[in-house]
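Visitor: Please take a close look at one turn of the backbone for me, and then work outward from there to the surrounding parts. I would like the cut-offs stated as you go, in one connected account.

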Amino acid sequence: MPSHDKRARRRRRGAGILPALIVLLAIVAAALTLLLVRSDPLGRNENGLPFEYTQSPDFAEPDGSTAAPLVLGGSAAPTTTPAPTQSAAPAESTAPAASALPAEDGGAPEDGAPTEDEGAQAADTDGESARLIPTVQPGDYFLPVFNRALRTLDDEAMISVTVDDCNDPEAMTQVLAIAKRYNAKLTLFPTGEALMTNGMTEGFRSCVRNLGFELENHSFAHKAEYRLSNSELALQIWKQSIAASYAVGRDYQQHFYRPYSNNSVSDQRTHFYIRKLGYLGVAGYTHSYRDFSDAAALLETLENGKIYQFDMSEKSMGMLEEFVSGASRKGYKLVTMNRLFALDENEMGAQLTIDAQTLPALDDYTPTYYDLKLNDRVNAVYALQARLMSLGYLTGENVKADGIYGPSTSIAVSAFQANVNLPATGNADVATQERLFSSDAPRP
């Protein structure tokens with residue numbers, strides 16, 4: 001039997017171990033708490049709010065300006081502007097075919113994002129506030145340009161991932177696998193040719209009917225709208241719409257049209273035609289994968305309400321899964337553009353009636369003046385360039401009208417503005433065009 005002294009020593013050792021265990025447990029608990037805080041999928045800030053939200057519904061544009069919300073579908077009419085006379089500006093339908101055009105006039109990269117500087121519009125559906133950036137230059141015929149939704153502190157964290165072209169079967173298989181893995185609802189912008197490709201049509205039908213995706217319009221053969229005649233533009237957009245209905249197997253009303261270049265979102269002629277087809281607006285985007293070195297850099301831009309653009313290129317496919325998985329881990333729900341802006345889903349008719357559909361013509365389009373600026377790729381630039389050449393401001397051995405507002409066009413506009421005592425900005429606002437197309441416009 002242990003002696004009295006030995007039992008006392010054991011009690012003292014036990015008494016020393018207990019405090020040590022308590023301290024150890026406290027350290028472990030603190031570490032677990034810190035780990036849980038850091039792994040919060042919404043990244044709470046010091047106010048307990050997700051860091052993706054901002055305190056103000058306004059947000060800063062790339063140029064530092066802010067957008068003020070306006071009511072979507074309000075009674076305010078777009079600003080109207082005087083139409084060019086036939087003698088002053090050639091008809092928009094006389095634009096040369098793509099094969100006859102010279103090299104581009106030094107414009108921005110094909111999908112460089114234009115600067116937005118107008119107000120935002122708001123919609124409230126089912127109690128959910130969503131806002132959008134309207135068209136860059138208000139004028140006749142314009143619909144909104146959907147670049148991003150401005151969501152409030154009370155809104156669920158959402159973004160839209162859009163995929164253009166959709167013309168590669170292997171890449172599309174990869175896209176669908178990624179979407180299924182992360183429960184992402186995508187907005188697809190396939191060409192009409194992709195929709196009609198053997199072996200892919202049924203896949204697009206399943207995307208809409210079974211996966212909750214939406215199919216939107218990216219023209220039939222991915223042609224630059226600003227280079228097309230009136231009749232060819234109408235055919236390219238309408239044929240893709242018919243192909244989408246064929247793929248879905250029912251009459252399918254699309255809501256968005258995405259142009260060939262993001263610098264073409266303000267093409268008035270395109271707005272006029274898609275309005276005829278019942279579209280809600282032109283689909284821009286907040287960020288394109290092209291502008292980032294890798295998915296990690298793109299993930300740093302995550303913010304509630306943004307739209308992200310991908311396509312079928314090797315770089316895009318290499319970034320897509322990492323971006324989608326990263327956004328999901330941060331607590332974002334990946335939804336269609338309709339869902340992001342609290343709009344109804346694309347309507348599906350009870351049957352398919354494409355055999356009874358007729359091509360709506362563009363003969364009733366009358367061009368009007370609206371602000372044009374550097375890097376615009378719009379059909380109205382043809383008339384501007386033609387007038388500058390006829391007056392002698394836009395000169396050079398190989399200079400031709402190409403619909404791209406590049407540096408040489410901007411310099412020519414500046415020279416004209418200086419000559420008529422207008423601010424020499426190089427951007428052709430309505431006042432500049434009215435003076436340029438007037439009968440007494442001076443030569444250099």
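Guide: C166 lies in the loop between β5 and α2 (169-181), where the elements are DSSP runs numbered from the N terminus, helices being H or I runs of at least four residues and strands being E runs of at least two. This is a predicted model, in which local features need pLDDT of at least 70 and side-chain atom pairs count only at pLDDT 80 or more, while totals for chains, interfaces and linings use all residues. Residues are numbered from 1 along each chain as its sequence is written, and side-chain values use heavy atoms, with hydrogens and water left out.

Although C166 is not a glycine, its phi is positive, at about 55°. The relative accessibility of C166 is 0%, so C166 counts as buried (under 20% relative accessible area is buried, over 50% is exposed and anything in between is partly exposed, with a 1.4 Å probe and protein chains only). D165, in strand β5 (residues 158-165), also has a positive phi, of about 75°, without being a glycine. D165 is counted as buried because its relative accessibility is 13%.

On the other side of the loop, α2 packs with helix α8 (residues 314-329) at an angle of about 5°, their axes being 10 Å apart; here an axis is a line fitted to C-alpha atoms, for helices over the stretch in contact, and the angle runs from 0 to 180 degrees between N-to-C directions. α2 and α8 are therefore roughly parallel to each other, on a scale that takes angles under 35 degrees as roughly parallel, over 145 as roughly antiparallel, 65 to 115 as roughly perpendicular and the rest as oblique. From α2, the residues making the contact are A171, Q174, V175, I178 and R181, and from α8 they are M317, L320, E321 and V324, a contact being heavy atoms within 4.5 Å. By class these residues divide into 6 nonpolar, 1 polar and 2 charged, where Ala, Val, Leu, Ile, Met, Phe, Trp, Tyr, Cys and Pro count as nonpolar, Asp, Glu, Lys and Arg as charged, and the others, Gly among them, as polar.

A second helix pair can be set beside this one. The axes of helix α10 (residues 380-391) and helix α11 (residues 407-419) come within 11 Å and cross at roughly 60°, which makes α10 oblique to α11. L384, Q385 and L388 of α10 meet T409, A412 and V413 of α11, giving 4 nonpolar, 2 polar and no charged residues in that contact.

Another loop that repays attention is the one between β8 (256-257) and α6 (268-276), where S264 is found. S264 is counted as buried because its relative accessible area is 5%. Once neighbours within four places in sequence are left aside, S264 is in contact with E225, Y226, P259, R377 and V378. A polar atom of the S264 side chain lies 2.7 Å from the backbone oxygen of R377. The C-alpha atom of S264 is separated by 9.7 Å from that of V282, 18 residues away along the chain.

As for α6 itself, 7 of its 9 residues are buried, namely Q268, R269, T270, H271, F272, Y273 and I274. The cover over these buried residues includes β4 (145-146), α5, β8 and β9 (281-283). F272, with a relative accessible area of 10%, is therefore buried, and its contacts beyond four places in sequence are Y141, L362, D364 and Y365. F272 and L143 are 129 residues apart in sequence, yet their C-alpha atoms are 8.1 Å apart in space. After α6 comes G278, with a positive phi near 85°.

Within α5 (residues 230-248) sits S241, which counts as buried because its relative accessible area is 15%. Not counting residues up to four places away in sequence, S241 touches N217, Q254 and Y279.

For the chain as a whole, the secondary structure comes to 12 helices and 12 strands, and 49% of the 444 residues count as buried. Of the contacts between residues at least 6 apart in sequence, 74% join residues at least 24 apart.

Terms used
Polar contact = N/O pair within 3.5 Å; in protein donor to acceptor, adjacent residues only side chain to side chain.
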